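These are my notebook entries on a structure that I had not examined before. I set down what I looked up, one topic to an entry.

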Protein chains: 2
Amino acid sequence: MPSSTFDGPSRRLLLGALAALPTLPGLLGVTAAQAQTAPLASWNDGPARQAILDFVKATTDQASSSFVPPPERIATFDQDGTLWVEHPMYTQVIYCLDRVPAVVKAKPELAKVEPFKTVLSGNREAMAKLSMHDLLEILGATLTGMSVDEFNAEAKKWLDTAKDPRWKRPYTELTYQPMQEVLQYLRANGYKIYIVTGGGQDFVRVYSERVYGIPPEQVVGSAGGTKYGYDKNGKPFLTKEPKLLLNDDNAGKPEGIHLMIGRRPHAAFGNSTGDRQMLEYTKAGDGARLSMLVLHDDAKREYAYGPAQGLPDTKVGTFTQALYDEAKKDGWTVISMKNDWKRIFAFEA
Amino acid sequence: MPSSTFDGPSRRLLLGALAALPTLPGLLGVTAAQAQTAPLASWNDGPARQAILDFVKATTDQASSSFVPPPERIATFDQDGTLWVEHPMYTQVIYCLDRVPAVVKAKPELAKVEPFKTVLSGNREAMAKLSMHDLLEILGATLTGMSVDEFNAEAKKWLDTAKDPRWKRPYTELTYQPMQEVLQYLRANGYKIYIVTGGGQDFVRVYSERVYGIPPEQVVGSAGGTKYGYDKNGKPFLTKEPKLLLNDDNAGKPEGIHLMIGRRPHAAFGNSTGDRQMLEYTKAGDGARLSMLVLHDDAKREYAYGPAQGLPDTKVGTFTQALYDEAKKDGWTVISMKNDWKRIFAFEA
């Protein structure tokens with residue numbers, strides 16, 4: 001008995017939710033209240049907040065010509081620099097650098113070999129000069145060669161203890177409160193949220209559910225292959241391989257979206273040139289589509305970098321003037337951290 | 001404000017469902033009734049039906065030591081031979097053969113080249129002798145080189161008109177009613193259902209939502225790369241490339257599950273040696289796990305093939321005696337179509 005497109009998934013969604021909950025009325029009370037009290041409360045009134053409200057109205061109002069059936073409500077978010085802090089360096093790269101001593105302990109011959117020697121020296125200036133090739137070698141040595149379960153346990157342990165030096169808090173607390181509210185608001189309006197990140201898919205999956213409420217299966221990222229095998233007791237396990245299957249950045253983002261989701265998003269959020277194609281692809285769909293870019297123009301509360309709009313240049317999360325101009329020309333919305341966000345982090349008063 | 005693991009997804013699920021529905025009480029009435037009246041109605045009482053009921057009870061009863069929180073309830077299903085008919089030939093291969101004339105029309109030079117010449121001849125005996133290399137060449141020519149949108153439109157058109165010669169019905173009606181009931185029953189108990197198929201991911205996605213209530217993002221299959229580009233008006237689109245990213249068969253199934261889902265399934269269903277590793281991987285997890293294999297032992301109502309248990313040998317959906325023995329040894333359940341299923345198809349009286 002084939003289910004209709006509309007009926008099947010919604011029945012599944014509802015029953016899944018019912019099974020998860022102690023009582024339905026209790027939950028309805030909470031969520032209805034949440035949905036009604038001040039969506040996007042950490043946003044200042046302005047074109048960015050309004051663009052989100054208008055988009056949701058246009059795509060969820062059954063009377064709207066841009067109405068989107070719930071199963072097609074897909075929104076994609078870049079992570080580094082869009083959902084959490086990426087400066088001065090991507091959190092995953094810090095993890096990989098921190099893992100080098102353990103890798104060298106297991107393979108002592110690496111201690112005298114570059115780039116491991118430089119990382120072990122702790123000399124931050126020398127480390128800042130490591131080439132992309134050096135970094136890829138470090139990523140390969142620290143992210144592959146172990147079982148999936150071992151990797152998950154190591155990454156979780158690090159995330160539970162490591163702290164950002166500026167805010168002296170776990171990296172997982174450095175997520176932008178206004179963006180958390182966008183996730184909540186879209187979710188409350190039936191959107192299924194995906195992270196689409198240039199970062200490692202397995203790394204982000206370790207904390208995505210806890211930090212963003214986004215389950216592992218809704219994380220699309222750069223992904224290596226795994227290899228199926230058996231331990232000495234015949235128990236099967238997967239080993240992380242160095243082979244890169246998906247480089248989920250630039251054109252790789254829409255390609256990864258097709259591979260992992262198979263539908264064009266209706267909304268997409270990013271903050272750098274690596275997100276350009278994802279935002280183009282999203283905006284090129286029919287009906288109401290939302291493409292938004294976070295501009296880091298708030299040196300005081302977070303960081304300021306572009307080089308768009310005369311902001312300082314950077315290699316981490318580059319937002320070029322060309323990207324800014326494309327956004328303005330094609331009807332994307334640029335979010336000014338400084339002007340559009342009342343606060344940056346949940347831990348702020 | 002990070003959501004807790006438990007709270008985030010369930011709120012999303014419920015609100016997604018609410019948005020999809022005209023009235024909540026109406027829906028609740030229907031689904032509660034459905035869930036209570038005879039689950040697995042097309043199954044005969046016996047160890048296979050009982051194994052499914054026991055598994056669901058063990059993993060959804062909060063008092064059970066094997067209780068699985070709803071976000072972790074993942075079930076994976078092979079498609080060909082598990083959810084629908086695969087004999088005498090996989091439906092996707094029939095599609096590819098049917099597409100050859102259109103491909104040759106676009107590239108007339110292929111008319112005199114093998115294997116296209118043989119396919120154009122219509123000689124079924126000669127076609128049956130095509131090698132795997134020949135078939136892969138035909139698959140490449142008919143499944144790649146066009147835009148994703150063009151492919152989707154072509155496949156949909158074919159599925160709307162093509163009919164299976166034995167039952168004289170669209171291929172999409174040849175799904176097993178008892179398995180549709182398993183999908184419904186698991187879904188009603190909070191399971192998120194994935195197809196994990198050796199077939200083409202893009203092909204199955206064209207009809208998975210309509211036929212199984214499984215949305216495109218929950219289809220894991222053999223997948224080629226795509227390439228992002230722009231048409232002459234600057235509009236971006238994706239082209240299907242010949243490069244194979246994921247060969248989702250044998251060990252590729254658990255590898256594909258890790259890539260696309262990132263969690264180990266609690267239940268997995270298959271019917272051939274290509275499903276062996278997926279069932280091993282599922283069964284190797286903690287707590288209650290369900291691994292089941294459909295044995296095609298019903299020549300009268302469908303087909304009979306093995307060669308397990310002395311059934312006729314086949315190259316399409318091979319179920320070896322070694323697989324049968326592994327199933328018995330490791331506590332998987334073998335489903336006998338002949339004995340366990342009251343009826344095969346929904347269109348049967």
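**Entry 1: helices across the sheet, chain A.** I began with helix α12 of chain A, residues 252-260, in this predicted model. I found that α12(A) lies across four strands of chain A, namely β1, β4, β5 and β6. Its direction makes an angle of about 130 degrees with β4(A). I then turned to helix α9 of chain A, which spans residues 177-188. Helix α9(A) lies across β1, β4, β7 and β8 of chain A, and it runs at about 165 degrees to β1(A).

**Entry 2: the sheet of chain A.** I asked in which order the strands of this open sheet are arranged. I read the order as β6-β5-β4-β1-β7-β8-β9, seven strands with mixed pairing. I noted β6 (236-246) and β9 (333-336) of chain A as the edge strands, each paired on one side only. On average, neighbouring strands of the sheet are turned by 35 degrees against each other, with direction ignored.

**Entry 3: one strand pair in chain A.** I looked up how β1 (residues 74-77) and β7 (residues 267-270) of chain A are joined. The two strands run parallel and are connected by three bridges. For A:Phe77, I recorded A:Phe269 as the bridge partner in β7(A).

**Entry 4: chain A as a whole.** I counted 15 helices and nine strands in the secondary structure of chain A. Of its 349 residues, 58% are buried. I also recorded that, among contacts in chain A with a separation of 6 or more, 63% are between residues 24 or more positions apart. The accessible surface of chain A is about 14500 Å², and carbon and sulfur atoms account for 55% of that area.

**Entry 5: the sheet of chain B.** I next examined chain B, where an open sheet of seven strands follows the order β6-β5-β4-β1-β7-β8-β9 with mixed pairing. I asked why one side of β6 (236-246) and of β9 (333-336) of chain B is left without a neighbour in the sheet. Both strands stand at the edges and have a single partner strand each, so one side of each remains without a neighbour there. The average turn between neighbouring strands of this sheet is 35 degrees, direction ignored.

**Entry 6: details in chain B.** I found four bridges between β8 (residues 290-295) and β9 of chain B, which pair in the parallel sense. B:Leu295 has B:Ser336 as its bridge partner in β9(B). Lastly, I noted that helix α12 of chain B (residues 252-260) lies across β1, β4, β5 and β6 of chain B, at about 130 degrees to β4(B).

How values were computed:
Residues numbered from 1 in each chain as written. Chains lettered and ligands numbered in written order. Predicted model: local features only at pLDDT ≥ 70, side-chain atom pairs only at ≥ 80, totals over all residues. Heavy atoms only, no water. Pairing = 2+ DSSP bridges. Axes fitted to C-alpha atoms, helices over the stretch in contact; angles between N-to-C directions. Contact = heavy atoms within 4.5 Å. Buried < 20%, exposed > 50% of the residue type's maximum accessible area, 1.4 Å probe, protein only. Areas by Shrake-Rupley, 256 points an atom, 1.4 Å probe, with all protein chains shown as cover.
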